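The following questions and answers guide a first-year student through a single protein model. Please consult the sequence and the structure while reading.

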Amino acid sequence: MPQPWSKPLAVDRLSREAAVLDFDIAVTQLPRVSSRVELLGGRVQGRVHFGRDAHRAVAEVTLEGEVQLRCQRCMRPMALPLSARTSVALLGSAHEADALSGAFEPVLAREGRISVAELVEEEVLLSLPIVPMHAEQPQCRPLEQTGPAEQQPAEAATQRPFAGLGKLLSQK
Ligand SMILES: [Zn+2]
């Protein structure tokens with residue numbers, strides 16, 4: 001079933017009416033994000049506020065959320081929080097980008113139309129790391145290092161308090 005955020009809308013009208021559109025999208029439903037990284041889940045919520053700047057259609061995209069990716073070091077799931085606020089200029093053709101000031105990210109609105117999903121997709125893509133990896137080492141060890149050889153000392157360590165318990169009780 002098509003969602004409201006997946007529908008291409010007329011940019012002229014949205015900017016003229018200063019439309020405000022809220023969204024809540026499962027990231028797995030963003031095809032360009034799915035094709036860039038392996039997505040395990042996640043959602044993004046936020047708002048697109050359309051307007052005009054010097055006769056140009058613009059939009060402010062605010063989003064918050066989280067994507068679940070697969071860490072490329074340990075191959076376990078990792079959560080990446082997303083938080084972004086970007087001003088975009090909605091361009092009718094690619095060569096309009098040359099005249100654009102640095103305050104706006106150019107986004108191509110094909111045939112003068114854009115969907116909320118396309119804008120969100122653009123933002124999520126910009127926030128993704130090239131290679132997703134856990135930042136902290138303790139929770140992130142390559143899989144080949146977590147074989148039986150690695151698990152043995154961990155088990156021994158958890159058994160040590162019980163080994164000392166007999167001695168402790170006999171002292172009483
Ligand atoms: Zn990891």
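**Salt bridges and a zinc site**

Arg47 has a relative accessibility of 42%, so this residue counts as partly exposed. The model discussed here is a predicted one.

Q: With which residue does Asp22 form a salt bridge?
A: Asp22 belongs to strand β2 (residues 20–26), and its partner belongs to strand β3 (residues 39–53), 25 residues apart in the chain. The closest N and O atoms of the pair are 2.7 Å apart. The partner of Asp22 in this salt bridge is Arg47.

Q: Is Asp22 buried or exposed?
A: The relative accessibility of Asp22 is 54%. A residue counts as exposed when this value is over 50%. Asp22 is therefore exposed.

Q: Which residue forms a salt bridge with Arg32?
A: The closest N and O atoms of this pair are 3.9 Å apart, and a salt bridge requires a distance within 4 Å. Arg32 forms the salt bridge with Glu121.

Q: How many residues apart in sequence are the parts that Arg32 and Glu121 tie together?
A: Arg32 lies in helix α2 (residues 31–36), whereas Glu121 lies in helix α3 (residues 116–127). The pair therefore ties together parts of the sequence whose separation in residues is 89.

Q: Is Glu121 buried or exposed?
A: Glu121 has a relative accessible area of 6%. Buried means under 20%. Glu121 is therefore buried.

Q: In which strand does Arg70, the partner of Glu38, lie?
A: Arg70 and Glu38 form a salt bridge, with their closest N and O atoms 3.2 Å apart. Glu38 is in the loop between α2 and β3, 32 residues apart from Arg70. Arg70 itself lies in strand β4 (residues 56–70).

Q: How many salt bridges does a search of the whole structure find?
A: Side chains of opposite charge can pair when their charged atoms come close. The pair of Asp22 and Arg47 is one such salt bridge. For the whole structure, the search finds eight.

Q: Which residues are the protein donors of the zinc ion?
A: The donor residues follow the spacing C-x2-C-x59-H-x5-C in sequence. Their donor atoms lie 2.0 to 2.3 Å from the zinc ion. The donors are Cys71 (SG), Cys74 (SG), His134 (ND1) and Cys140 (SG).

Q: What is the arrangement of the four donor atoms around the zinc ion?
A: The four donor atoms subtend angles of 102 to 118 degrees around the zinc ion. Four donors count as tetrahedral if all angles lie between 85 and 135 degrees. The arrangement is therefore tetrahedral.

Notes: Residues numbered from 1 in each chain as written. Predicted model: local features only at pLDDT ≥ 70, side-chain atom pairs only at ≥ 80, totals over all residues. Heavy atoms only, no water. Donors = N, O, S within 2.8 Å, 3.2 Å for Na, K, Ca; no water. Tetrahedral: all angles 85-135°; square planar, octahedral: opposite > 155°, others 65-115°. Salt bridge = Lys/Arg side-chain N within 4 Å of Asp/Glu carboxyl O. Helix = DSSP H or I, 4+ residues; strand = E, 2+ residues; numbered from the N terminus. Buried < 20%, exposed > 50% of the residue type's maximum accessible area, 1.4 Å probe, protein only.
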